[in-house]
Amino acid sequence: MRAVVLAFSGLFGLAIGSFLTVVGYRIPRRESIVRPGSHCPSCNRALAWYDNIPVASWILLRRRCRSCSAAISVRYPALEMATAFVFVGLAAAIGPRPRLLVALVVASLVLAAGAVALGGRSRQSSLPPGCER
Ligand SMILES: [Zn+2]
């Protein structure tokens with residue numbers, strides 16, 4: 001049971017981390033976090049589901065957009081993995097209790113705030129954006 005909870009927490013963390021990359025990229029640019037769907041900011045091509053799998057797609061695409069070969073920042077898989085590690089750590093410490101959900105929500109808000117702060121900083125330094133998740 002414990003292994004199932006930890007595995008589910010890790011997968012859930014990867015999915016939430018993927019969403020947090022969208023939040024971190026779009027909020028500083030005052031863009032909607034809902035529409036349009038995930039796309040490459042360089043060529044605007046919508047990402048297929050298989051190009052939008054947390055961490056795995058970044059590795060399989062060799063850090064480049066499938067369509068235009070624009071670089072995809074390491075920030076995306078790093079935030080996805082960090083969120084997964086935090087979720088697994090909280091699940092290991094708290095266990096499958098209702099307060100785990102509260103802890104995951106609080107952790108997500110903290111990670112989102114950090115992602116927005118870093119997204120705003122990279123915008124100010126005018127670094128070229130990577131493919132957005
Ligand atoms: Zn592209």
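A residue is called buried here if 20 or more other C-beta atoms lie within 10 Å of its own, exposed if 12 or fewer, and partly exposed in between. By that count, 27% of the 133 residues of the protein are buried. The model on screen is predicted, so begin by colouring it by pLDDT, the predictor's confidence in each residue from 0 to 100.

**Whole chain**

The mean pLDDT of the protein is 90, and 91% of its residues reach 70 or more. Among the elements, H3 has the highest mean, 96, and H4 the lowest, 88. Switch to a cartoon view: the secondary structure comes to four helices and zero strands, in the order α-α-α-α from the N terminus on. The radius of gyration is 15 Å, close to the 14 Å that the globule rule gives for 133 residues, so the protein is as compact as a globular protein of that length. Along the principal axes, the C-alpha atoms fill a box of roughly 45 × 30 × 25 Å. Among contacts between residues at least 6 apart in sequence, 71% join residues at least 24 apart.

**Select residues 75-94**

This range is helix H3. Check its length by the distance between the end C-alpha atoms: they are 28 Å apart, which agrees with the 28 Å that its 20 residues should span at 1.5 Å a residue. Now show side chains for the buried residues of H3, which are Tyr76, Pro77, Leu79, Glu80, Thr83, Ala84, Val86, Phe87, Leu90 and Ala91. Step past the end of the helix to Gly95, which follows H3 and has a positive phi, near 85°.

**Select Leu20, Phe87 and Leu90**

These three touch the most other members of the largest nonpolar core, a set of 17 residues. The elements that give two or more residues to this core are helix H1 (2-26), helix H3 (75-94) and helix H4 (98-124). H3 provides the largest share, seven residues. Keep Leu90 selected. Which residues does Leu90 contact, leaving aside its neighbours within four places in sequence? They are Leu100, Ala103, Leu104 and Ala107.

**Select Gly119**

Gly119 is in helix H4. Is Gly119 buried or exposed? It counts as buried, because it has 21 C-beta neighbours inside 10 Å, where the cut-off is 20 or more. Not counting residues up to four places away in sequence, Gly119 touches Gly24, Tyr25, Ile27 and Pro28. For a distance towards another part of the chain, pick Ala78: it is 41 residues from Gly119 along the chain, and their C-alpha atoms are separated by 13 Å.

**Select Cys43**

Move to the loop between H1 and helix H2 (56-60), where Cys43 is placed. With 13 C-beta neighbours inside 10 Å, Cys43 counts as partly exposed. Beyond four places in sequence, Cys43 touches Cys65, Ser67, Cys68 and Ala70. Add Cys65 to the selection: this residue is 22 residues from Cys43 along the chain, and the two C-alpha atoms are separated by 8.8 Å.

**Select residues 125-129**

End the tour here. Over residues 125-129 pLDDT stays under 50, and the model has two contacts for them beyond four places in sequence. Where pLDDT is low, the predicted coordinates should not be read in detail.

Note on methods: Residues are numbered from 1 along each chain as its sequence is written. This is a predicted model: local features need pLDDT of at least 70, side-chain atom pairs count only at pLDDT 80 or more; totals for chains, interfaces and linings use all residues. A nonpolar core is a set of buried Ala, Val, Leu, Ile, Met, Phe, Trp, Tyr and Cys residues joined through C-beta atoms within 7 Å. Two residues are in contact if their C-beta atoms, placed from the backbone, lie within 7 Å. The radius of gyration is taken over C-alpha atoms; the globule rule is 2.2 Å times the number of residues to the power 0.38. The expected span of a helix is 1.5 Å times one less than its number of residues.
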